[in-house]
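Colleague: Hi! Could you walk me through this one? I'd like to start with the charges.

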Amino acid sequence: LNYIEMLINNMGGRCPYINRNQTKNLIATVGNGSQIFAFAGHVDVVPSGEYSKWKSGNPFSLAKFGDELIGRGVADMKGSIAAFLVALQNFIQNSKNNNYQILLLLTSDEEGSAVDGTPLMVEYLQKKGIKLNYCLVGEPSCTNILGDAIKVGRRGSLTGRVNVIGKQGHIAYPHLCCNPIHEFAPALAELVNFQWDNGNEFFPATSLQFANIKSGLGVTNVIPGELSVDFNFRYNTLHTVSDLQQQVERILKKYHLNYTINWEHSAKPFLTKVGRLVDASSQAIHSVCGVYPESKTDGGTSDGRFLVDVSDEIIEFGLCNGSIHQINESTTMHDLSCLSNIYQLILENLYISTII
């Protein structure tokens, strides 16, 4: 972030830090125009895994093999941050229109708890009364080739943990016990097979997946006294948190289970307004890559779930995501160069072009 601060200062920008609990967040601003565009990203990365499995030998030192670039975070998402900085510099040098205000919202808490990063910056913007006209999150959005997809929204994420209480005892005397595994099995089957919805124009159908089931003492002659399960909804805009919770509890109560349930809601679903930003981005991608991107809402959660509260229009667009979080995470110099050109064209389409 210190290096990025130096670059922004050289462009005539200003770079206040908004930090909390050892998390550094940089809000850089270039220009004073009335139309505000923000590029949002993160500089933190997931753990590397074993160094010996990396082709480069050191995942935290960028390695080049021909056109390929290898390193932890090169696609998710330091590559897109670098591409945008180059695009911003070129845009400023070539622009004769000064009616722009461009923000960089960079956090070091996206891959972690996401508590002291982007949510804190959103609070700062709200207190300052700053509303973003356009926001582009540089997450790796593409699947097969650069430019094949932009994210125009994301699904919500709701996690539940159910504890079913039974009665422990000798497995040879089931009439003296209450087996929580047997008790929960019918509810599990119904929850797994329940059709929550059929999706809509932009979102796939809501998905419920069980992640963990834990019960028993590790022996074969004891009926357990308790069962715990973890599950997660990735849900679309056809649902609210409340109606999903109520439907789950209706099914659990149907089978007269003795249970407790705890919920954690980590992301609400959102869908951007399809307007100038989508048009400007699609045109820029087609100009550079020769393809028109598909609008998608799949994948995991992103910081877009926070930024939507301060943005009129918001999309995610970045590099290909096929290797992110993997050993030998990679991109190519060609894709990085193209991505920078796309970002520059997006800025030009928004601030200079009259065709939008």
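Colleague: So how far apart are the mean positions of the positive and negative charges?

Modeller: They are 3 Å apart in this predicted model. The chain has 27 positive and 33 negative charges.

Colleague: And how many salt bridges does a search of the whole structure find?

Modeller: It finds 9. One of them joins the side chains of glutamate 329 and arginine 72, at 2.8 Å from N to O. Glutamate 329 sits in the loop between β17 and β18, and arginine 72 in the loop between β4 and α2, so this pair ties together parts that are 257 residues apart in sequence.

Colleague: Nice. Are glutamate 329 and arginine 72 buried or exposed?

Modeller: Both of them are buried.

Colleague: What does lysine 55 pair with?

Modeller: Lysine 55 forms a salt bridge with glutamate 68, with the closest N and O atoms 3.5 Å apart. That pair also links distant parts of the chain: glutamate 68 is in strand β4, while lysine 55 is in the loop between β2 and β3, 13 residues away. Glutamate 68 is partly exposed, at 25% relative accessibility.

Colleague: Which residue does lysine 53 bridge to?

Modeller: To glutamate 50, where the closest N and O atoms are 4.0 Å apart. Lysine 53 is exposed at 52% relative accessible area, and glutamate 50 is partly exposed at 47%.

Colleague: Switching topic: how many helices and strands are in the chain?

Modeller: There are 8 helices and 18 strands. The C-alpha trace spans about 85 × 45 × 40 Å along its principal axes.

Colleague: What share of the residues is buried?

Modeller: 49% of the 356 residues count as buried.

Methods:
Residues numbered from 1 in each chain as written. Predicted model: local features only at pLDDT ≥ 70, side-chain atom pairs only at ≥ 80, totals over all residues. Heavy atoms only, no water. Helix = DSSP H or I, 4+ residues; strand = E, 2+ residues; numbered from the N terminus. Buried < 20%, exposed > 50% of the residue type's maximum accessible area, 1.4 Å probe, protein only. Lys, Arg positive; Asp, Glu negative; His and termini not counted. Charge placed at Lys NZ, Arg CZ, Asp CG, Glu CD.
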